[in-house]
Amino acid sequence: MKNLKIIFLILILLNISNYSHSSEIHFIDMKKILNKSKAGKGAQEFLKKKLSQETKKFDKDQSDLRKEEKDLIAKKKLISPEEYKKSLNELRKKNLAHQKNRQSAANQIFKKKEKARAELNKALQPILEKYMSENNISIIIDKKSIIVGKTEIDLTDKILKLLDTKLQSINLN
């Protein structure tokens, strides 16, 4: 009887220690936090709008260049060869400038996207640290690094709410 009590007590202690260790590791879905937070959504909408505006502007410029090229080809027999070469070189320069401007605009949008991601991560770090200390959590892992996990240790929605209260928007101008 005494041995049975000791075995029972050991099993209870082992079970409690296993439970406490399993509750120290949690995970969050960083992709969801970046895409579903108020600040993340706002940044994405701003960047999509900016990309759309730039695309329309550059598509119009591209069509103007094509029209100018067709006009030059139509005039080829009517103008002198020197004037044709001069006009062709000018058109090539315009086309190169157009391509450089388009690439520059794309790079600026990419830099703004990276700036938004960095600001979100910067705002998220103290929230995670505070939540970890308040709830006795040792490790928070990104969901993409986990194959299978219990939904009880997923902190994504809780952290998302905390982030939304702390960071409403990101200034990308």
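This is a short talk about how helix 5 sits in the structure above, with a word on one loop residue at the end.

Okay, so keep in mind that we're looking at a predicted model. Let's start with helix 4, residues 81–134, and helix 5, residues 156–166. They pack with their axes 10 Å apart, at an angle of about 120 degrees. That angle makes helix 4 oblique to helix 5, and the crossing is right-handed.

Who's touching whom? From helix 4 you've got L120, A123, L124, P126, I127, L128 and Y131, and from helix 5 there's K158, I159, L162, L163 and K166. If you sort those contact residues by type, you get 10 nonpolar, 2 charged and no polar ones.

Now stay on helix 5. Which of its residues are buried? That would be T156, I159, L160, L163 and D164. They span an arc of only 140 degrees around the axis, so they end up on the same side of helix 5. If you want the background, an α-helix has 3.6 residues a turn, so residues three or four places apart point the same way. Flip to the other side of helix 5 and you find K161, T165 and K166, which are exposed.

And what's sitting over that buried side? The cover for the buried residues includes strand 1 (25–28), helix 2 (30–36), helix 3 (38–75) and helix 4.

Last thing, a loop residue. N136 is in the loop between helix 4 and strand 2, which is residues 139–142. Its phi is near 55 degrees, a positive value, and N136 isn't a glycine. With a relative accessibility of 60%, N136 counts as exposed.

How values were computed. Residues numbered from 1 in each chain as written. Predicted model: local features only at pLDDT ≥ 70, side-chain atom pairs only at ≥ 80, totals over all residues. Heavy atoms only, no water. Axes fitted to C-alpha atoms, helices over the stretch in contact; angles between N-to-C directions. Helix = DSSP H or I, 4+ residues; strand = E, 2+ residues; numbered from the N terminus. Parallel < 35°, antiparallel > 145°, perpendicular 65-115°, else oblique. Left-handed = near helix turned anticlockwise from the far one by under 90°. Contact = heavy atoms within 4.5 Å. Nonpolar A, V, L, I, M, F, W, Y, C, P; charged D, E, K, R; others polar. Buried < 20%, exposed > 50% of the residue type's maximum accessible area, 1.4 Å probe, protein only. Arc of directions from axis to C-beta.
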